[in-house]
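Biologist: Hello! Could you take me through a protein model, step by step?

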Amino acid sequence: MKKNHFISLLLILLYQHVLAQNPFVTNYTIEDGLPSNKVFCVLQDSKGFMWFGTDAGVTRFDGNQFVHFNENNGLSGNVVVRIKEDLSGRIWFLNFSGTLNYFYNDIIYNTENAPFLAELETNFFFHNFYEDTDSLIYFYNQASEIYVVKNNQYLDYQSYNKKPDNTSRTTYLFNKDSNGNFLLWTDDGLLKLKDINTLEERKNLVIQKAFSVENYNTFILDESGNVSLFHNDTLMQSNGFHSESQIINDIVVDRDGYVWVSTYDQGLYCFKDNSLIFHLDIRLIQNLILDNENNIWTASNFNGIYKINRDILNSNFIDKNEFDNSGITELSKANNDGIWATNGQSLFWIHNQKKFNRKISIGGHILESIHQLKNNTVIISGSNTNLRFIEDVKVDAEEDVLEIGKMIRLGFSVKNVAIDSTESHFYSIANDKLIDLDLNTKYTNFYQLGVGRINNLFINNKNQLVVKGSRYVVLENDLIYNTSIYQEFNEQIITSHINIDSENEILNIYGNNLILNHNDKLYNLTEHLKSLIDYRIQDIFYYNNTLFFFTVKTVYSISNPLDFIDGAELKINRINIEFNNINDILCEDSVLYVASDNGLTMLPIEESINYKQQPTKPYFTKVSLDDTNYNLASNLVDFKNKKRLAIEFSSLNYSSIPSEYSYKMKGINEDWIEGRETRVVYLNLEPGSYTFQLKSRKNKEPYSEIIELPIIVHPTIIQRTSTKIALLILLLLLISLIVRAIYRRKIKQKETDHLLISLEHKALQSMMNPHFIFNALGSIQGYLLQNKSSEAGTYLSQFARLIRQNMNSLKSNYICIDDEVERLRNYIDLEKLRMNNRFDFEIYVDENIDSYEVCIPSMTVQPFIENAIWHGISTIEDGGKIKVTFNSLDEKSIEVIVEDNGVGIENSNPTAKSGHGLNMGMNLTKKRLRLIGERYGVTSEISSKNISNDPDWPGTQIKIIIPIVDGES
C-alpha cells in the first residue's frame with residue numbers, strides 16, 4: 001500500500017506545475033481588489049458576472065472591477081459559503097449563519113424586505129439547493145433538512161436527519177432523476193423519494209461525497225478515494241478514477257470532456273478518460289465553475305481566486321525552477337530541430353517542447369545572445385562577457401548526449417551582434433568602433449566609421465550591414481554609403497529588424513511603428529493599430545507569413561503583412577495570456593516559444609492566432625446626477641433641474657485583452673465616439689428624450705450588441721412650453737406698457753416743451769412789455785429835449801443791448817449765471833437811469849457756484865427784480881435799495897433771493913395783484929419753474945415775506961428755488 005501510494009505521488013509530481021509562475025493561471029487576491037483572501041465559493045451568473053463568497057461578504061467581478069457587498073449593504077451575514085442563481089435570475093447567498101439572502105435588480109433581499117426568508121433560517125447552514133422545472137426550489141443542508149420555496153413564498157419542510165439506527169444522517173447532494181424521482185445522496189446510502197415527504201427506496205451505497213453534473217449524472221466518492229459515475233440511480237462506471245484526497249470539494253466536466261476535481265488538501269486535478277492529465281498544487285480550494293469561455297475558476301480558503309486558462313490543456317510550460325530558478329532571457333534556433341535557451345548563465349537545449357536534462361554552464365557570466373552556425377559552432381556573447389565560440393556541439397536527445405568540443409574565448413565582449421547570410425562575418429559594436437570578425441580565420445578588424453558612438457547594427461535583406469550612429473550608413477564590400485532609405489529614420493531608433501525575402505524587410509521603430517520596407521518603399525503597418533498595443537514593442541519575429549511581436553506582457557501577431565502593399569486592411573491578434581516580463585520569442589515546428597521571467601511557455605501557433613475571442617458584454621455601472629447616484633433598477637434615467645449627468649460603464653471581459661468602447665447620445669450627436677474611457681459627462685441637457693447607446697469589443701473584433709439607456713429630461717416650470725408662452729405674453733404686455741408709457745411720456749414731454757416755449761415767449765413779452773418800452777423811450781426823449789445827448793446815447797446803447805440779450809435768451813432754454821448777472825445789471829441800470837438814480841443795487845454770487853458752468857432756465861429772475869422796482873421802491877424819493885443774491889443749495893438747484901426796502905407786500909400797488917402787467921410775468925415764471933423742476937427732479941419753490949416791522953417801509957424778500965439745468969438741454 002505504501003509503495004502504491006509513493007508511485008501515485010511520483011505520477012502526480014510528473015504532471016505538477018509550480019503554480020506561482022504559471023502564465024496560464026491567474027490569481028486574484030486582496031492586492032487585486034478582493035475584500036479577503038479567504039474565499040469559499042465562486043459563481044458565474046447568467047449575465048456573465050463572476051461572484052465570490054468570502055468571510056467579508058460577497059464580491060461581484062466583471063474582469064476589471066470588483067464590487068463588494070456585506071452586512072452594511074443588507075447581507076444577513078458576512079460569511080457566505082455558497083452562491084447560486086435560480087431560473088428567475090435571483091442570485092442566492094447561503095450564509096454560514098444559517099440565513100439566506102438573494103440579489104435581484106441590484107437589491108439585496110433579507111428578512112426586512114422579503115419576510116418569507118425568516119422562515120428559512122436553520123441552525124445548520126444550507127449546503128446547496130435544487131430547482132425544479134416548475135420553479136420550486138429545494139434548499140437542503142448536511143443535516144438532511146429540506147425547505148421548499150416557490151417565488152417568494154415558503155411552502156414546505158421535511159427532515160431526513162435520523163437514520164434507522166436513530167443516528168444523524170449527513171446529506172451531500174439532493175437532485176432529481178430523469179423519471180421525476182428525488183434523490184438524496186447521504187452517508188447512509190441513496191434515498192429515492194416520490195416527493196419530499198414520501199420515501200420510496202433506500203440503496204446501500206458507501207458515499208463520502210456526491211457531485212451532480214449534467215444529463216442526470218452524479219459522481220460519488222467512496223471511503224477508498226475511488227470516484228464512480230451514476231446515471232440517475234444506476235451505476236455506470238465503478239472506480240473511474242482515484243483520488244488520494246478524501247476531501248473532494250467539487251467535480252465539474254468541461255465541454256471537451258475533461259473532468260476537473262478540486263480537493264481541499266491536494267490541489268486541483270484534471271482527468272481525461274480516467275487518466276490524470278495534470279495537477280496544480282492549489283491548497284484549500286473549494287468549488288469549481290466552468291465559465292462561458294471554458295476557463296476553470298476555483299476558490300481558495302487561503303489565497304483568493306484562481307482562474308485556469310483553457311489553453312493550459314493544449315500548451316506546455318516549463319517553470320523557471322527547471323532553469324536553475326531563473327527566467328529565460330534569450331532563445332535561438334538550434335540545429336537538429338531544437339531550440340537553444342539561456343537563463344543568462346547556462347545554455348539549455350529544448351527538443352519537442354521538452355528540456356534536455358543536460359546543460360552547458362558558463363559560470364558567473366551573463367549571456368545575452370546565442371547563434372549556432374551551420375557547422376554546429378555555437379557563438380555566445382554578452383555586454384560584460386567575453387565573446388566565446390563553442391565548437392563541435394553534439395546533441396542527441398534519444399541517447400541523452402550533449403557534448404561540446406573546444407571553447408574559444410576572445411579577449412573582448414560585444415553587444416548588438418549581427419551575422420551575415422553566408423556566415424562569413426560576425427559584426428558587433430565597441431563604443432564608436434565597428435568590430436568585424438572573420439568567422440573563417442577568426443581575424444578581427446576594428447573600424448571607425450565617422451558616425452560617432454554606434455547604437456545599433458543589423459544585416460538587411462540585401463546582405464548589407466546597416467549601422468546607426470549619429471546617422472544611418474550602409475556598408476557593402478568595404479564601402480560606406482551615406483545615402484539610403486534608412487536615413488528616413490536618422491532621428492529615430494530601429495530597435496529590431498527582420499528579413500523576409502530579398503524584397504522585403506520589417507523594421508521595429510521605437511514608438512511602436514512597424515515599418516515594412518518593400519523595395520525601398522516604406523509602409524507603416526501599425527499606424528492605425530497602436531491603440532491595441534499596451535506597451536512598447538520589444539522585438540519581432542516572422543514565421544509562415546505571420547509577423548509576431550511582443551511587449552513585456554504579451555504576444556501579438558499580424559497575418560499576411562505583405563498584403564498591406566496591395567491595400568489590404570491588417571488585423572492585430574493578441575494571445576489570451578499575460579506573462580511576467582517577456583524577454584524573447586521564437587517560432588518553430590508550429591509552436592510559439594515565449595521566454596519570460598516565468599520560464600518557457602510553448603503555445604500551438606494555429607490555435608493562438610486563429611482563436612475567436614469571446615465577445616465582451618457592455619453594461620452600465622453607475623449613473624449620477626449632480627454627483628448623486630441614481631438608481632438604475634428601472635433602466636431609465638428620468639430627471640429635471642439637474643446640470644450634470646455622468647454615465648459610467650464597463651464590460652464583462654475576463655481575458656487579458658482590454659475592452660474598447662463606442663458610444664453616442666441620440667438626440668445630441670449621431671456619430672459614434674470610440675475609446676477606452678469608461679465615464680462620460682453631459683452638462684445642461686435641454687429638456688427632451690435621449691438615448692445613450694453603448695457597445696464594446698476587444699482586439700478590433702466586431703462590436704457587441706448595442707445596449708441602450710433611455711434618458712428623459714423633464715422641463716422645469718421655467719422650461720415648460722406653457723410657462724414660456726405665458727412669460728412671452730407677459731413680456732409682450734410689459735413691452736407694450738413700457739412702449740405706451742414711453743409714448744405717453746414723449747407726448748407729455750412734447751406738450752411740456754410746447755408749453756415752455758409758449759411760456760418763454762410770454763415771459764419775453766412780459767419783459768418787453770409796452771410800459772417798459774414806452775418809459776424807456778420816454779426817458780431817451782427827455783434826455784434829448786434837455787440837450788443831454790450823451791446821457792441819451794448811453795441810455796439808448798444800454799436799452800439796445802438789453803433788447804439784444806433778451807432776444808438771445810429766446811434762442812436758448814438756459815443761461816449761465818455769469819450771463820444772467822450781466823443781463824440783470826444792464827436791466828437794473830436802465831431802470832435806475834429812468835428813475836433818476838433814486839435807488840442803488842447789488843448782485844452777489846456765492847463763491848461755491850461756478851458761474852461760468854452752472855446754468856439756470858432763462859428769463860426766470862428778471863420778473864421778480866422788475867416787481868421789486870416797480871411795486872416796491874417806485875414811491876421812494878431817494879435811498880431805495882435792491883439786492884440780488886445767488887446761493888448754492890446742492891448739485892441740482894440754487895437759491896435766488898431778491899430783496900428791496902420798499903413798501904412791502906401788503907402795501908404794494910393793488911394793480912400788482914390783478915394778474916396783468918408785471919404780475920403776469922411772475923405767474924408765467926412760476927409755471928415755468930414748476931415744469932422745469934419736474935423734468936430735473938427738483939421741487940421749485942417761491943416764497944415771500946416782509947423784511948422788517950416798519951409799518952411804512954417794511955421791505956420785501958422773495959426766495960426762489962431754481963433747478964440747475966443741463967447746458968445742452
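Modeller: Below, we go through some questions and answers about this predicted model.

Biologist: Which helix gives the most residues to the largest nonpolar core?

Modeller: The largest nonpolar core has 34 residues, and Ile-865, Phe-886, Ile-894 and Val-896 have the most contacts inside it. Several elements each supply at least two residues of this core, including helix H5, strand S70 and helix H7. The top contributor, with 6 residues, is H6.

Biologist: Nice! Is Glu-831 buried or exposed?

Modeller: Glu-831 forms a salt bridge with Arg-834, with the closest N and O atoms 2.7 Å apart. These two residues are separated by about one helical turn, because they are 3 residues apart in helix H6. Buried means under 20% relative accessible area. Glu-831 has 0%, so the term for Glu-831 is buried.

Biologist: What is the relative accessible area of Arg-574?

Modeller: Arg-574 shares a salt bridge with Glu-578, at 3.1 Å from N to O. Glu-578 counts as partly exposed, at 35% relative accessibility. Arg-574, on the other hand, is buried, and its relative accessible area is 3%.

Biologist: And which residues gather in a patch of negative charge on the surface?

Modeller: Let's start from one member, Glu-399, which lies in the loop between strand S38 and strand S39. Glu-399 has a relative accessible area of 56%, and exposed means over 50%, so Glu-399 counts as exposed. The patch of negative charge is made up of Asp-396, Glu-398, Glu-399 and Asp-400.

Conventions: Residues numbered from 1 in each chain as written. Predicted model: local features only at pLDDT ≥ 70, side-chain atom pairs only at ≥ 80, totals over all residues. Heavy atoms only, no water. Patch = residues over 30% accessible without salt bridge, like charges linked within 9 Å, V, L, I, M, F, W, Y side chains within 5 Å. Areas by Shrake-Rupley, 256 points an atom, 1.4 Å probe, with all protein chains shown as cover. Salt bridge = Lys/Arg side-chain N within 4 Å of Asp/Glu carboxyl O. Lys, Arg positive; Asp, Glu negative; His and termini not counted. Charge placed at Lys NZ, Arg CZ, Asp CG, Glu CD. Helix = DSSP H or I, 4+ residues; strand = E, 2+ residues; numbered from the N terminus. Buried < 20%, exposed > 50% of the residue type's maximum accessible area, 1.4 Å probe, protein only. Core = buried A, V, L, I, M, F, W, Y, C linked by side-chain atoms within 4.5 Å.
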